[in-house]
Amino acid sequence: MSILLIEAFYGGSHKQLMDLLQEELQDDCVLCTLPAKKWHWKARTAALYFMQTVPTSTNYRILFASSVLNLAELAALRPDLGKLKKVLYFHENQLAYPVQKCQGRDFQYGYNQILSCLVADVVVFNSAFNMESFLTSIGKFMKLIPDHRPKDLEKIIRPKCQVLYFPVRFPDLSREHDKDPKTFFKVLLKLKEKNLPFHVSVLGEAFTEIPDIFSEAKKALGSSVLHWGYLPSKDDYFQALCMADVVISTAKHEFFGVAMVEAVYCGCYPLCPKALVYPEIFPAEYLYSTPEQLFKRLQNFCKRPDIVRKHLYKGETAGFSWAALGGKFRSLLAAEPREDL
């Protein structure tokens with residue numbers, strides 16, 4: 001039990017990664033988690049909970065946690081854990097996270113992640129976009145402090161940072177406002193208004209309240225809906241992906257995009273915004289700049305589905321598999337001093 005895995009938001013891609021690591025490490029790890037509910041409260045209070053619940057052991061050598069946890073608080077509350085090699089993994093970062101109302105932003109979430117980076121020995125991001133959007137936003141973010149601001153935090157944190165892509169293996173989708181469902185459904189309804197033939201599957205697990213647009217769109221799309229809602233069986237999920245011709249993202253917030261990579265692996269033609277992490281993952285021909293461009297591409301595909309059905313994906317998905325990334329994760333979780341991957 002030399003590796004301690006801590007996940008304060010055990011759901012979606014966070015759960016996938018921890019389950020995969022636990023499966024690979026087997027008896028050499030201990031997994032401590034909190035349910036994937038009320039994210040904001042987990043980010044604020046998880047360290048205190050884990051202070052009381054993480055079992056004491058002299059065998060621990062590595063602590064691996066996602067950035068939902070305030071690692072600085074836990075290291076202070078549990079000095080025995082603070083002495084370990086601490087690896088912090090960013091699935092997403094709060095400095096580049098979109099908010100619906102600026103006045104509702106809680107400074108503490110981003111501040112916690114900065115503190116966690118300062119106490120971590122290794123800081124890992126699931127994409128270069130995630131890493132750079134975080135690091136380059138630190139200076140501006142700290143200006144929110146009215147006076148006596150800390151300086152040069154990016155210079156302190158950057159040397160311990162590296163990119164290690166998420167190892168794609170299990171289903172992961174979400175239905176939340178940061179994925180911009182309004183744009184997605186607006187485009188689909190426009191296709192329906194023009195009587196273009198298509199079917200749509202809306203899959204995924206929701207960790208917050210589901211926006212009203214989902215129920216409204218389901219009713220408006222009517223017989224065009226093929227699947228709707230979370231598929232708990234990964235076999236059913238992948239079967240739904242294999243039946244599809246095109247996979248669409250309208251996300252305003254994405255740092256990797258597990259579901260998009262899974263869908264492409266299953267044969268879907270991807271259409272993604274020319275923004276966020278997508279240019280890093282997908283070739284340019286699969287990117288669009290405006291909802292109008294997305295509509296025109298889909299309109300063409302509806303009229304000529306053979307275009308996508310005969311298409312051979314020109315990118316690469318194998319590099320995002322555990323087979324490709326497993327060795328790097330094993331090196332990351334070795335007790336030796338950090339080496340750049």
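This report describes the fold, cores, cavity, aromatic pairs and selected residues of a predicted protein model.

## Overall architecture

The predicted model contains 16 helices and 11 strands. Of its 341 residues, 50% count as buried. Among contacts with a separation of 6 or more, 73% are accounted for by residues 24 or more positions apart.

## Nonpolar cores

In soluble globular proteins, nonpolar side chains tend to be buried together. The largest nonpolar core here has 65 residues, and F64, F282 and F329 are the members with the most contacts inside it. Helix α12 (residues 258–265) gives the most to this core, contributing 6 residues. A second core, separate from the largest, has 42 residues, including A8, C32, Y60 and F125.

The surroundings of F282 can be given in detail. Beyond its neighbours within four places in sequence, F282 is in contact with M260, V261, V264, P270, C272, L287 and Y313. F282 also belongs to a cluster linked by ring pairs, together with Y269, Y278, Y286, F301 and Y313. Y313 thus appears both among the contacts of F282 and in the ring cluster.

## Helix α6 and its aromatic link

Helix α6 spans residues 128–135, and its buried residues are N130, M131, S133, F134 and L135. These buried residues pack against three strands and three helices: the strands are β4 (85–90), β5 (122–125) and β6 (161–163), and the helices are α5 (107–119), α7 (138–142) and α8 (153–157).

The structure holds 21 aromatic pairs. One of them joins F129 and F255 in a stacked arrangement, with 5.7 Å from centre to centre and 25° between the planes. The pair links distant parts of the chain, with F129 in helix α6 and F255 in the loop between β9 (246–248) and α12, 126 residues apart. The two partners fall into separate accessibility classes: F129 counts as partly exposed because its relative accessibility is 23%, whereas F255 is buried, with a relative accessible area of 2%.

## The internal cavity

Rolling a probe the size of a water molecule over the atoms shows where empty space is left. In this structure there is 1 cavity of 30 Å³ or more, and the largest cavity holds about 50 Å³ of space. Its lining consists of W39, A43, S67, V68, L69, N70, Q94, Y109, N112, Q113 and S116.

Two elements, α2 (39–53) and α5, each give two or more residues to this lining. The largest share, 4 residues, comes from α5. By residue type, the lining of the largest cavity divides into 5 nonpolar and 6 polar residues, with no charged ones.

## A47 and P181

A47 lies in helix α2, an element that also contributes to the cavity lining. With a relative accessibility of 2%, A47 counts as buried. Leaving aside neighbours within four places in sequence, A47 is in contact with L69, N70, E73, L74 and L77; L69 and N70 are also lining residues of the largest cavity. A47 and L77 are 30 residues apart along the chain, and their C-alpha atoms are separated by 8.0 Å.

P181 is found in helix α9 (residues 181–193) and counts as buried, at 9% relative accessibility. In sequence, P181 and T250 are 69 residues apart, while in space they are 7.0 Å apart, C-alpha to C-alpha.

## Residues with positive phi

Most residues other than glycine have a negative phi, and most peptide bonds are trans. Q26 has a positive phi of about 55° although it is not a glycine. Q26 lies in the loop between α1 (12–25) and β2 (29–35). Its relative accessible area is 57%, so Q26 is exposed.

L276, likewise not a glycine, has a positive phi of about 55°. L276 is placed in the loop between β10 (269–273) and α13 (278–281). With a relative accessible area of 24%, L276 is partly exposed.

Notes: Residues are numbered from 1 along each chain as its sequence is written. This is a predicted model: local features need pLDDT of at least 70, side-chain atom pairs count only at pLDDT 80 or more; totals for chains, interfaces and linings use all residues. Side-chain values use heavy atoms; hydrogens and water are left out. Buried means under 20% relative accessible area, exposed over 50%, partly exposed in between (1.4 Å probe, protein chains only). Contact means heavy atoms within 4.5 Å. A nonpolar core is a set of buried Ala, Val, Leu, Ile, Met, Phe, Trp, Tyr and Cys residues joined through side-chain atoms within 4.5 Å. On a 1 Å grid over the protein atoms alone, a cavity is a set of points where a 1.4 Å probe fits but cannot get out, and a pocket is an open set with protein on both sides within 12 Å along at least five of seven lines; lining residues have an atom within 4 Å of a point. Grid points are joined across faces, edges and corners, and a volume is the space filled by probe spheres set on the points. Ala, Val, Leu, Ile, Met, Phe, Trp, Tyr, Cys and Pro count as nonpolar, Asp, Glu, Lys and Arg as charged, and the others, Gly among them, as polar. Rings of Phe, Tyr and Trp (its six-membered ring) pair if their centres lie within 6.5 Å; planes under 30 degrees apart count as stacked, over 60 as edge-to-face and the rest as tilted.
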